[in-house]
Amino acid sequence: MDGAHGSSGEYLPALDGPNSAFIRLVSSDDREFIVKREHALMSNTIKTMMQECNGFLENQTNRIHFALIPGNILEIICKYFMYKAHYQKSLELVPEFPINPDDALQLMKASTFLDC
C-alpha cells in the first residue's frame, strides 16, 4: 500500500521516488501542499523540474520550494490545478475560477513563472 498514516491517524500519501503519485509544494512562508503529480505537472515549470533527464533534486525528493510564492497564493494555485484537472475535458459549461481582486497581481506573477 502506498502511503502511511500520521500520528493522528490521517492518511499520508507516498512521496518517495521519482514516480510518486504526489508532490509536495512549499511556499515562501513554509506552508506545504501535497498535490497529485498529474495536477502539478499542468505547470510547465514544475513539469521541467520533475523530469529525470534534467537532473533537478526536486525530482528525487518530490519537494519543490518556491521562495517567492507565499502560502496564500500557492494555495490558490493548487486549487486551480484541481479545477483545471476537473474541467479539462468537460463538455459542460465551465464556471469561472474565483479570484479575489486583492490576490490578482500576485497570482498573475506566480502563474507566469509556473506557466500554468
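Reader: I am new to this structure and would like to begin with a single residue: is Asn62 buried or exposed?

Author: This is a predicted model, and every value we discuss is computed from it. Residues with under 20% relative accessible area are counted as buried, and Asn62, with a relative accessible area of 1%, therefore belongs to the buried ones. Asn62 sits in the loop between α3 (57-61) and β5.

Reader: What is phi of Asn62 near?

Author: The general idea is that most residues other than glycine have a negative phi. In this model, phi of Asn62 is near 55°, a positive value although the residue is not a glycine. Asp30 is another case, for its phi is positive, at about 65°, and it is not a glycine either.

Reader: Where is the place of Asp30, and is Asp30 buried or exposed?

Author: Asp30 belongs to the loop between β3 and β4. A relative accessible area over 50% counts as exposed, so Asp30, at 53%, is exposed, whereas Asn62 is buried. The loop that holds Asp30 is part of the hairpin of β3 and β4, which has 5 residues between its strands.

Reader: In what sense do strand β3 and strand β4 pair?

Author: Strands of a sheet pair through backbone hydrogen bonds, and the sense may be parallel or antiparallel. Here, β3 (residues 22-26) and β4 (residues 32-36) pair in the antiparallel sense, over 5 bridges, and one place to look is Val26, which stands opposite Glu32 in β4. Between β3 and β5 the pairing is parallel, over 3 bridges, and there Leu25 has Ile64 of β5 as its bridge partner.

Reader: In what order do the 3 strands form the open sheet?

Author: The order is β4-β3-β5, and the pairing in this open sheet is mixed. Because β4 and β5 stand at the edges with a single partner strand each, one side of each has no neighbour in the sheet. From one strand to the next, the twist averages 25°.

Reader: Which strands does α4 lie across?

Author: Helix α4 lies across β3 and β4, and its direction makes an angle of about 10° with that of β4. Ile77 is a useful residue to follow here, since its place is in this helix, which covers residues 71-87.

Reader: Is Ile77 buried or exposed, and which residues does Ile77 touch, not counting residues up to four places away in sequence?

Author: With a relative accessible area of 3%, Ile77 is buried. Leaving aside residues up to four places away in sequence, Ile77 touches Leu107, Ala110 and Leu114. Although Ile77 and Leu107 are 30 residues apart along the chain, their C-alpha atoms are separated by 7.7 Å.

Reader: How many residues line the largest pocket, and which lie nearest its centre?

Author: The largest pocket has a volume of about 250 Å³ and a lining of 14 residues, of which Leu68, Ile69, Lys109, Ala110 and Phe113 lie nearest the centre. Ala110, then, appears both in this lining and among the residues that Ile77 touches. A lining can also be read by class, and in this one there are 10 nonpolar, 2 polar and 2 charged residues.

Reader: What supplies at least two residues each of the lining of the largest pocket?

Author: Both β5 (63-65) and α5 (104-114) do so. The largest share of the lining comes from α5, with 4 residues.

Methods
Residues are numbered from 1 along each chain as its sequence is written. This is a predicted model: local features need pLDDT of at least 70, side-chain atom pairs count only at pLDDT 80 or more; totals for chains, interfaces and linings use all residues. Side-chain values use heavy atoms; hydrogens and water are left out. Buried means under 20% relative accessible area, exposed over 50%, partly exposed in between (1.4 Å probe, protein chains only). Contact means heavy atoms within 4.5 Å. On a 1 Å grid over the protein atoms alone, a cavity is a set of points where a 1.4 Å probe fits but cannot get out, and a pocket is an open set with protein on both sides within 12 Å along at least five of seven lines; lining residues have an atom within 4 Å of a point. Grid points are joined across faces, edges and corners, and a volume is the space filled by probe spheres set on the points. Ala, Val, Leu, Ile, Met, Phe, Trp, Tyr, Cys and Pro count as nonpolar, Asp, Glu, Lys and Arg as charged, and the others, Gly among them, as polar. Two strands pair if DSSP finds at least two bridges between them. Axes are lines fitted to C-alpha atoms, for helices over the stretch in contact, and angles run from 0 to 180 degrees between N-to-C directions.
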